[in-house]
Amino acid sequence: MSEALTIPAPELDDLSRPFWDALKQGRLTFQRCTACGHAWLPARSDCPRCLAPDWQRQDAKGGATLVSWVVYRMAYHPAFESRLPYTVATVQLDEGPRMISNIVGAQPSQLRIEQRLRLRIEAEADFMVPRFTPT
Ligand SMILES: [Zn+2]
């Protein structure tokens, strides 16, 4: 497959667009409920804990912890063939939200549960994606 293939672009709507726009400015953002303080990703209109519709968007500082991961050795989209093997992980931001991301800059055998990670925003075609690397 061609190196020019790009990964699928995110689907943008009024809720998710600010997340992707902030990444272009080098910021990873999440929502925090103004009623109960819960913080979450990905974007949604109401707090997943108390269902309040009132929240603020906040910047993550970039620190995170590795919760779990899998190593993909097979491409489920042609654009990923040249990246094999790659790691898909659940990471927990220091501010609380969990998100699905990639671990870069480390071999899968080097990864450990609760390992400290640092945000690394990387370019993909017309958008920027939040990935993480061990500290
Ligand atoms: Zn809430």
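**Group meeting: a first look at a zinc-bound chain**

Okay, let's start with the order of things: from the N terminus on, the elements of this chain run α-β-β-β-β-β-β-β-β. So that's one helix and eight strands. Keep in mind, please, that what you're looking at is a predicted model.

Now, the overall build. The C-alpha trace spans about 45 × 30 × 25 Å along its principal axes. For 135 residues, a compact globule would have a radius of gyration near 14 Å, and this chain comes in at 16 Å, which agrees. Of those 135 residues, 37% are buried. On the outside, we have an accessible surface of about 7,900 Å², and carbon and sulfur atoms hold 50% of that. As for contacts, take the ones between residues at least 6 apart in sequence: 52% of them join residues at least 24 apart.

On to the zinc ion. Which residues hold it? The protein donors are Cys 33, Cys 36, Cys 47 and Cys 50, each through its SG atom, and they lie 2.3 to 2.4 Å from the zinc. If you want to find them in the sequence, look for the spacing C-x2-C-x10-C-x2-C.

What about the geometry? The four donor atoms subtend angles of 104 to 116° around the zinc ion, so the arrangement is tetrahedral. For reference, the ideal angle for four tetrahedral donors is 109.5 degrees.

One last thing on this site: are Cys 47 and Cys 50 buried or exposed? Cys 47 has a relative accessible area of 0%, so that one is buried. Cys 50, on the other hand, sits at 35%, so we call it partly exposed.

Note on methods: Residues numbered from 1 in each chain as written. Predicted model: local features only at pLDDT ≥ 70, side-chain atom pairs only at ≥ 80, totals over all residues. Heavy atoms only, no water. Donors = N, O, S within 2.8 Å, 3.2 Å for Na, K, Ca; no water. Tetrahedral: all angles 85-135°; square planar, octahedral: opposite > 155°, others 65-115°. Buried < 20%, exposed > 50% of the residue type's maximum accessible area, 1.4 Å probe, protein only. Helix = DSSP H or I, 4+ residues; strand = E, 2+ residues; numbered from the N terminus. Rg over C-alpha atoms; globule rule 2.2 N^0.38 Å. Contact = heavy atoms within 4.5 Å. Areas by Shrake-Rupley, 256 points an atom, 1.4 Å probe, with all protein chains shown as cover.
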